[in-house]
Structure formats: C-alpha cells, structure tokens
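Reader: I am new to this structure and would like a close look at a single part of it, with the surroundings explained step by step.

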Amino acid sequence: MRIVNWNVNSIRARAERIGAFLDRSDVDVLAIQELKCRDDQFPEDIFSSRGYEVAYHGLNQWNGVAIASRVGLDNVEIGFAGMPEFNDALEARALSADTGGVRVYSLYVPNGRELDHPHYHYKLDWLSRLRDVAANRLAADPDDRFVMVGDFNVAPLDEDVWDMEAFDGLTHVSEPEREAFRSLTDASLQETTRQFTPGPGVYTYWDYQRLRFPKREGMRIDFQLASPALAATAVDAHIDREERKGKGASDHAPVWVDYRI
C-alpha cells in the first residue's frame, strides 16, 4: 500500500497538479496538509472522479487537512484526544481514518513562529499531546498498525537544514522542538522514510523566497512515523523532488512510503 503525505499549500491553487500527480503516481492513500479552504470550498471532484474517497477538515483560509483513499475510509475523526487549542479555538490540523487496515493520521503541526511566541509553546504542547495518543494506542495494542504523517514543522537533525548557522535563534531546529519530535520515536514510533532516503541534503521543503529551491537550500520537515507493526512492513520510500519544480508548485514535495500489507 502506497501512502503519501503532501503539504500542498492551498488545495484549490494546486488542484490541477494534484490530479496529475494521482494519475501518474499509483497512490493508495494521500494525506494532505495546508488546504487553505473551508469545507464548502474543497474541490472534492479531484478525488471522486478518480475513484478516491476523501475526508477533509478546513475552517478558513489557514491550515486544513484531508485524507483521500482508493482502499476505503472508515471511522473518520477530526482532531485527536487532548488536542490543545490556540486562542481558545481548535485549529484544523489533524484528521485520521481507517484505510486499508491502517489508521492514518494527516497532521499539520503548528509552525511555532518565534521562540518567545505563544504559538511556540502551543506547538510543544500539541506535539506532547500527540505523543500521548501514540503511546496510548501502543499500550492498548502493541500490534496496532497506524501511521502519523504530514508536515511536522521540525527538522530533527542538523543535516535536515542547509545551514544550521542560518537558523540560529529560529524555530524548527530548537532543542525543545527536537526533543518533542524525539518523544514520538521514544514512544516506539519509527520514521519510515529516512532509511530509504538518507541525507544530508535530502529535503522536503524549500521556501519560495530567495531562490531556495534552485540553490538546494531546503529543510526536511515532512515525515511518516509508523507504529512498529506497520514500520516492519515498509519496503521503499521516495521524496518526489520533481513535484517541487515548475509553475504553480507547492513549496513542499510529496513523501511516499510503500508498505507491504
């Protein structure tokens, strides 16, 4: 089963590219982040016309998550147990569903903005609560097959950014953020892409500004974190850097993992 996560940075702006990607990529499950639209604006036909069921959650022009599957969608849940609020509101950052015998979480982790910003502390709390969800699932059933995928907005290793000096005093690479990410793997989740796509210089995101993409100045912040039972079935992975090229591209590349289920 091929599971792909992709921060599309506006699903309406990227609709044609997403359709073309599905046509050529043999995707079973596509977890999407940063929809930037309300539910009534979601272009569902992109998926239904190609035989995909789709669930989505968007509240406004920010955030938003979706899961599209050609192997069925059941038990769709918005958010997760204990997901924190920001400014007294639950943001559209998490959606999960059962598909093809796997529980898939599409996640758009908060950015954090600045190290002294309330959004940074919200981000750390958000990741802590997510870790609790994973730990509780595995405590209840060590053989549970689930995967948490998406834009984590954390670069866990120094090699995951083009220049650590350029990130001095900034988010995404701070030790508390990296510790929050490690807490997920400490809870027995396994990052299933890196073993097939080792770094350094292997990125999933390139800022639109300052010609970051042609300069190869990127970040690795999009991941798939699988439960042990599912991670053991991973047979291949790929970061589709080609999808970052050309007119109308997202600033993120799709991340694929093939699981032999």
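How near do the axes of H3 and helix H4 (residues 175-186) come, and at what angle do they cross?

Author: The model is a predicted one, and what follows should be read with that in mind. The axes of H3 and helix H4, which spans residues 175-186, come within 9 Å and cross at roughly 10 degrees. An angle under 35 degrees counts as roughly parallel, and H3 and H4 are therefore roughly parallel to each other. On the side of H3 the contact is made by Tyr120, Lys123, Leu124, Leu127, Leu130 and Arg131, and on the side of H4 by Pro176, Glu177, Ala180, Ser183 and Leu184. Sorted by class, the contact of H3 with H4 has 7 nonpolar, 1 polar and 3 charged residues.

Helix H3 itself covers residues 118-140, and together with S7 and S8 it makes a right-handed β-α-β unit. Proline 118 is found in this helix. With a relative accessible area of 52%, proline 118 is exposed, because the cut-off for that word is a value over 50%. The C-alpha atom of proline 118 is separated by 8.7 Å from that of phenylalanine 86, although these two residues are 32 residues apart along the chain.

From the helix one can turn to strand S7, residues 102-108, which is mostly covered, since 7 of its 7 residues are buried. In a regular strand the side chains alternate between the two faces of the sheet. For S7 both faces are covered, with Val102, Val104, Ser106 and Tyr108 buried on one side and Arg103, Tyr105 and Leu107 buried on the other.

Strand S7 also has partners within its sheet. With strand S6, residues 94-99, S7 pairs in the antiparallel sense over 6 bridges, and in this pairing leucine 95 stands opposite serine 106 of S7. The hairpin of S6 and S7 has 2 residues between the strands, and glycine 100 takes a positive phi there, near 60 degrees. With strand S8, residues 146-151, S7 pairs in the parallel sense, again over 6 bridges, and the bridge partner of tyrosine 105 in S8 is methionine 148.

These strands belong to an open sheet of 6 strands with mixed pairing, whose order is S5-S6-S7-S8-S10-S9. Strand S5 (74-78) and strand S9 (190-191) stand at its edges, and each has a single partner strand, so one side of each is left without a neighbour in the sheet. For S9 that partner is strand S10, residues 222-226, with which S9 pairs in the antiparallel sense over 2 bridges, and glutamine 190 stands opposite alanine 226 in S10.

Elsewhere in the model there is another open sheet of 6 strands, also with mixed pairing, and its order is S3-S4-S2-S1-S12-S11. Its edge strands are strand S3 (53-57) and strand S11 (234-239), each of which pairs on one side only. Neighbouring strands of this sheet are turned by 10 degrees against each other on average, when direction is ignored.

Within this sheet, 5 of the 5 residues of S2 are buried, so the strand is largely enclosed by the rest of the structure. Both faces of S2 are covered, with Val29, Ala31 and Gln33 buried on one side and Leu30 and Ile32 buried on the other. Strands S1 and S2 run parallel and are joined by 5 bridges, and the partner of tryptophan 6 in S2 is isoleucine 32. The chain crosses from S1 through H1 to S2, and this β-α-β crossover is right-handed. Toward strand S4, residues 65-69, S2 runs antiparallel, with 5 bridges joining the two; there leucine 30 has alanine 68 as its bridge partner, while valine 29 has serine 69.

Helix H1 lies across S1, S2 and S12, running at about 160 degrees to S1. The buried residues of H1, which covers residues 15-25, are Arg17, Ile18, Gly19, Phe21, Leu22 and Ser25, and they pack against strand S1 (2-7), strand S2 (29-33), helix H2 (45-48) and strand S12 (255-259). Aspartate 26, which follows H1, has a positive phi near 55 degrees.

Terms used. Residues numbered from 1 in each chain as written. Predicted model: local features only at pLDDT ≥ 70, side-chain atom pairs only at ≥ 80, totals over all residues. Heavy atoms only, no water. Buried < 20%, exposed > 50% of the residue type's maximum accessible area, 1.4 Å probe, protein only. Helix = DSSP H or I, 4+ residues; strand = E, 2+ residues; numbered from the N terminus. Pairing = 2+ DSSP bridges. Right-handed = clockwise from strand over helix to strand, strands pointing away. Axes fitted to C-alpha atoms, helices over the stretch in contact; angles between N-to-C directions. Parallel < 35°, antiparallel > 145°, perpendicular 65-115°, else oblique. Contact = heavy atoms within 4.5 Å. Nonpolar A, V, L, I, M, F, W, Y, C, P; charged D, E, K, R; others polar.
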